[in-house]
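Grab a pencil and open the viewer: here are a few exercises with worked solutions. Try each one yourself before reading on.

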There are 2 protein chains.
Amino acid sequence: MGLTIGKVAEHAGVNVDTLRYYERQDVIGKPLRNGSNYRLYPADTIRRVRFVKRAQELGFSLTEIKELLELRVNKNASCANVRDQALAKVDALNEKIRSLQSMRSALVKLANECSNHGPVGDCPILDALDERGSAI
Amino acid sequence: MGLTIGKVAEHAGVNVDTLRYYERQDVIGKPLRNGSNYRLYPADTIRRVRFVKRAQELGFSLTEIKELLELRVNKNASCANVRDQALAKVDALNEKIRSLQSMRSALVKLANECSNHGPVGDCPILDALDERGSAI
DNA sequence: CTCGACCCTGGACCTAGGTCTAGGGTTTAT
DNA sequence: ATAAACCCTAGACCTAGGTCCAGGGTCGAG
């Protein structure tokens with residue numbers, strides 16, 4: 001038993017071709033096939049695909065998403081290694097979160113200036129993602 | 001006076017062709033030209049371009065970035081409108097930040113399970129971006 | 001005055017991530 | 001038993017976001 005590609009696509013909110021594409025790219029595993037060569041997916045494929053779509057919206061490439069998902073699969077392998085990789089990803093996430101937060105406060109500031117009809121000051125939006133470690 | 005395209009590219013860390021491309025896409029304004037038809041950019045173009053690159057890493061498309069940057073330019077126009085747009089972007093950012101935070105705690109959890117050699121539990125990574133409002 | 005390092009335009013080319021089409025088999029409802 | 005609605009593969013096609021020529025002008029050092 002399993003889900004046909006159409007059902008998975010419907011529940012995950014993607015095109016069936018996207019699922020075949022993800023399979024070619026190894027983002028999702030190769031599903032079993034029934035006697036007619038139809039793909040039969042385990043139910044949790046739906047969650048996995050949704051995870052992929054959300055992670056993409058957050059700026060991750062399919063390759064990065066694959067790495068995130070592989071972390072748990074490899075778990076059996078070298079645990080300390082997985083741990084290190086996970087913590088490295090955490091650092092990257094912290095950086096992204098900080099950037100989004102400063103972008104957010106820039107927008108809040110802009111909105112306030114606007115409602116104040118106050119003085120403009122130097123553009124808060126451009127300030128938002130300034131430097132934080134890049135060269136110069 | 002102003003910066004040639006090569007200088008801007010160098011300081012912003014991008015290709016000169018990228019700057020011409022951004023100009024065609026209206027991500028940066030059309031610069032002045034000198035007597036030889038060379039582009040001459042104001043110094044703050046560098047910040048603007050860096051902002052663009054950072055925002056892209058955070059998952060924004062060039063079109064979205066243009067909108068963010070236009071918020072301040074339009075400021076003179078209808079202030080209340082700009083304010084509303086800014087606050088709408090703030091909501092979107094909050095959602096992104098929340099997603100990244102749950103992804104982060106999934107990874108931290110995974111790292112801990114790993115160092116504990118503890119029981120595996122259901123995959124924390126897939127849990128990370130579950131539902132939060134999507135259909136089903 | 002000429003060589004190398006710039007700059008210009010127009011258009012071809014590239015990668016990522018899909019999406020669509022053609023040609024053909026399967027399953028289901030009537 | 002046949003039409004609608006699925007499924008399959010291979011391969012063409014598409015958008016976003018660049019990147020790379022070709023062919024030609026410009027500027028500074030020696």
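**Exercise 1.** At roughly what angle do the axes of helix H1 (residues 5-12) and helix H3 (residues 45-57) of chain B cross?

*Solution.* Keep in mind that this is a predicted model. Start with the axes: those of H1(B) and H3(B) come within 9 Å and cross at roughly 45°. Next, classify the angle: values under 35 degrees count as roughly parallel and 65 to 115 as roughly perpendicular, so H1(B) is oblique to H3(B). Last, the hand: H1(B) goes past H3(B) in a right-handed crossing.

**Exercise 2.** Work out which residues of H1(B) and H3(B) meet, then sort them by class.

*Solution.* From H1(B), take B:Val8, B:His11 and B:Ala12; their partners in H3(B) are B:Thr45, B:Ile46, B:Val49 and B:Arg50. Sorted by class, this contact has four nonpolar residues, two polar ones and one charged one.

**Exercise 3.** How many residues surround DNA strand D, and which are the closest?

*Solution.* Count first: 19 residues surround the strand, with A:Thr4, A:Gly6, A:Arg39, B:Ser61 and B:Leu62 the closest. Now look for elements giving two or more residues: chain A offers helix H1 (5-12) and helix H2 (16-24), while chain B offers helix H2 (16-24) and helix H4 (62-73). H2(B) gives the most, with three residues. By class, the surface near DNA strand D splits into ten polar, six nonpolar and three charged residues.

**Exercise 4.** Describe the layout of chain A.

*Solution.* Tally the elements: six helices and two strands. Along the sequence they read α-α-β-β-α-α-α-α. Then check burial: 30% of the 136 residues in chain A are buried.

Definitions and conventions. Residues are numbered from 1 along each chain as its sequence is written. Chains are lettered from A and ligands numbered from 1 in the order in which they are written. This is a predicted model: local features need pLDDT of at least 70, side-chain atom pairs count only at pLDDT 80 or more; totals for chains, interfaces and linings use all residues. Axes are lines fitted to C-alpha atoms, for helices over the stretch in contact, and angles run from 0 to 180 degrees between N-to-C directions. Helices (H or I, at least four residues) and strands (E, at least two) are DSSP runs, numbered from the N terminus. Angles under 35 degrees count as roughly parallel, over 145 as roughly antiparallel, 65 to 115 as roughly perpendicular and the rest as oblique. A crossing is left-handed if the near helix is turned anticlockwise from the far one by less than a right angle, and right-handed if clockwise. Two residues are in contact if their C-beta atoms, placed from the backbone, lie within 7 Å. Ala, Val, Leu, Ile, Met, Phe, Trp, Tyr, Cys and Pro count as nonpolar, Asp, Glu, Lys and Arg as charged, and the others, Gly among them, as polar. A residue is buried if 20 or more other C-beta atoms lie within 10 Å of its own, exposed if 12 or fewer, and partly exposed in between; C-beta atoms are placed from the backbone.
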